[in-house]
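Please open the structure in your viewer and keep the selection tool at hand. The tour below goes from one selection to the next and says what is to be found at each stop.

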Amino acid sequence: RTWRMQDSGKNQFKKLKIQYQSTIASLYVGNGCQTRESLEKCIKSVLKVLDPMYSVIGIIESNTDTPVLIPLELLEQTNALVDESLIYYPHFWTPQVSTEEGASDDLVQSLSAVALDLPPPPTDVAMGESNTEDRPLPPQSSNYSTYDAADPWQNWEYFHQYGKLTIHNEMIKDTYRTDSYRDAILNHAADFKGKVVLDIGTGTGILSFFAARAGAARVYAVEASGLAEWTELAVSANNLGDTIKVIKARVEELTLPEKVDIIISEWMGTFLIFESMLESVLFARDNLLKEDGMMFPADSSIFLCPLTMDKYYDEKVNFWRNVYDVDMSVIMPFAKKCAFEKPIIDHQLQPENILADPIKLKEFDLRIVPVHEPYEKTVMNFNFSAKKDGNLHGFGGWFDVVFRNHNAEDPHKLTLSTSPHQKSTHWHQMLLLFDDPVFVKEGQAIKGTIRYQRNPDLLRHLIFDLSFSVDDSGRSYSKRFYLWGTE
């Protein structure tokens, strides 16, 4: 969390901008908040609403000439709104209470000199919706070698993470994943022989080595992180410097002396599109691939199904009912929040967790799909029929990718699937779990809607809105999930 001071040019107040994770709020700070101690108290008055770990007494009503402290319990009674991590409160009432009992005089004095400067709530947007599609995407900065807290693409964090070997070690040791790429490339050696290949996000260069082994004439191995220097050493050590050329650059800034015949890349993230690397691959397709060139993989799909997770729920929630003969059931609401607030991305589903046959949410032909289409807001209705009795805890998502050439009857076509019915991978599956299960009987209909979209503040991240009902019970359940920030 950071804060910056700048002159506001009015009434000797200074404007204080607070950034907490991806949320930015502004304060006008007067003479009552010039010491570090009083300044921190002002900051915490905002962070209390953003993060319950903080313990302060209220926030500030700034819609009047004299800012007034609003105690938290009074704020809660007024149905304050929270939308996309920005805090709004009603402007049509004036609180009569300026402090809560027990508040110290210096805190009241400090807070009385502060006014929240937050934008009004968006209009004409239904609850849970956002205006992300109306907001143009900011360009990615070419400077990703230094940390920039204001960069919504988080390029420094992204490339810094992939510049370390830890994540590459995990990916290469995922033998189902790596073997699939190797087999797909080598089994299509006739398509690679004598061709020019572009490997996007090459990492350690393993896919480039496979392409060279398949007979590629030239391989451009593009890596934006600092790992590129080590990959170049590995290429030299294997005497492939004449075939594989390692280039340290983002593909969006790449200039090649020729168009390429094939693009290979392992770009998939959680739920297929998390991290937004696919956009870079599709950008390269439009700018660097020959008109009749191959995409490897060529197709991708996203799947969804309802889940029953009794064992997982017992481990995370029911465990707290009795801990060494101590009744800790009062902790269970907090346990649910800790366990299910975010999508779960490190748990391997088993076939017995599947409550109904999965459906295909989206399918992308990577040879023709527009660059931004996978990240446009997607709304899809679903209707599952439960295959067995059980507790419905939420929904799971995974993906497949298909390697093939332009031949519709490609005999070497290969599918890499992250389904729970296949070998486990480092991607696992993504779980969207609700706080409380809903019992369903075999044959009952599970109807609902899933909506996902790019997070407007963290552009490599996603937001999911899920709602469902069982049969025609008249009761519906809904929840918003952030993968990964904020909230």
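A polar contact, a term needed for the first stop, is a pair of N or O atoms within 3.5 Å, and within protein one of the two must be able to donate a hydrogen and the other to accept it. Please keep in mind throughout that this is a predicted model.

**First stop: Asp400**

Select Asp400, which has its place in strand S18, a strand that covers residues 390–403. Show the side chain of Ser417 as well, and you will find that a polar contact of 2.6 Å joins it to the side chain of Asp400. Which side chain of opposite charge is nearest to Asp400? It is that of Lys360, at 7.0 Å, and Asp400, although buried, has no salt bridge. If you now display the surroundings, leaving aside the neighbours within four places in sequence, Asp400 is in contact with Asp299, Ser300, Ser301 and Phe303, and also with Thr415, Leu416, Ser417 and Thr418.

**Second stop: helix H5**

Move next to helix H5, residues 165–173, and colour Ile167, His168 and Met171, which are buried. Viewed down the axis of H5, these buried residues fall within an arc of 95 degrees, so they line one face of the helix. An α-helix has 3.6 residues a turn, so residues three or four places apart point the same way. Now turn to the other side of H5, where Leu165, Thr166 and Lys173 are exposed.

**Third stop: salt bridges**

Side chains of opposite charge can pair when their charged atoms come close. A search of the whole structure finds 18 salt bridges, and the pairs below are among them.

Select Arg451 and Asp465, whose side chains meet in a salt bridge with an N to O distance of 3.5 Å. This pair links distant parts of the chain, for Arg451 belongs to strand S21 (residues 445–454) and Asp465 to strand S22 (residues 462–470), 14 residues apart. Are these partners buried or exposed? Arg451 counts as buried at 15% relative accessibility, and Asp465 is buried as well, with a relative accessible area of 11%.

From there, go to Asp179, Arg182 and Asp183, which are joined into one network by salt bridges that share partners. Within this network, the side chains of Asp183 and Arg182 meet at 3.0 Å, N to O. Asp183 counts as partly exposed, at 28% relative accessibility, and Arg182 likewise counts as partly exposed, at 29%.

Continue with Asp261 and Lys290, where the side chains form a salt bridge of 2.9 Å, N to O. Here too the pair links distant parts of the chain, with Asp261 in strand S12 (residues 260–265) and Lys290 in strand S13 (residues 289–296), 29 residues apart. Asp261 counts as buried at 15% relative accessibility, whereas Lys290, at 36%, counts as partly exposed.

**Fourth stop: aromatic rings**

A pair of aromatic rings is described by the distance of the centres and the angle of the planes. The whole structure holds 17 aromatic pairs, and two of them are worth displaying in turn.

Begin with Tyr313 and Phe340, whose ring centres are 5.7 Å apart and whose planes lie at 10 degrees, so the pair is stacked. Tyr313 lies in helix H11 (residues 310–316) and Phe340 in helix H12 (residues 332–340), so the pair ties together parts that are 27 residues apart in sequence. Tyr313 counts as buried at 9% relative accessibility, and Phe340 is buried with a relative accessible area of 1%.

Then select Phe434 and Phe468, an edge-to-face pair with 5.1 Å from centre to centre and 85 degrees between the planes. Because Phe434 lies in strand S20 (residues 429–440) and Phe468 in strand S22, the pair ties together parts that are 34 residues apart in sequence. Both Phe434 and Phe468 are buried. Extend the selection to Phe382, Phe384, Phe395, Tyr477 and Phe481, which together with Phe434 and Phe468 form one aromatic cluster.

**Last stop: the whole chain**

Finally, zoom out to the protein chain, whose secondary structure comes to 12 helices and 23 strands. Of its 487 residues, 51% count as buried. Among the contacts in the chain with a separation of 6 or more, 71% are accounted for by residues 24 or more positions apart.

Notes: Residues are numbered from 1 along each chain as its sequence is written. This is a predicted model: local features need pLDDT of at least 70, side-chain atom pairs count only at pLDDT 80 or more; totals for chains, interfaces and linings use all residues. Side-chain values use heavy atoms; hydrogens and water are left out. Buried means under 20% relative accessible area, exposed over 50%, partly exposed in between (1.4 Å probe, protein chains only). Helices (H or I, at least four residues) and strands (E, at least two) are DSSP runs, numbered from the N terminus. The arc is that of the directions from the helix axis to the C-beta atoms. Lys and Arg count as positive and Asp and Glu as negative; His and the chain ends are not counted. A salt bridge is a side-chain nitrogen of Lys or Arg within 4 Å of a carboxyl oxygen of Asp or Glu. Contact means heavy atoms within 4.5 Å. Rings of Phe, Tyr and Trp (its six-membered ring) pair if their centres lie within 6.5 Å; planes under 30 degrees apart count as stacked, over 60 as edge-to-face and the rest as tilted.
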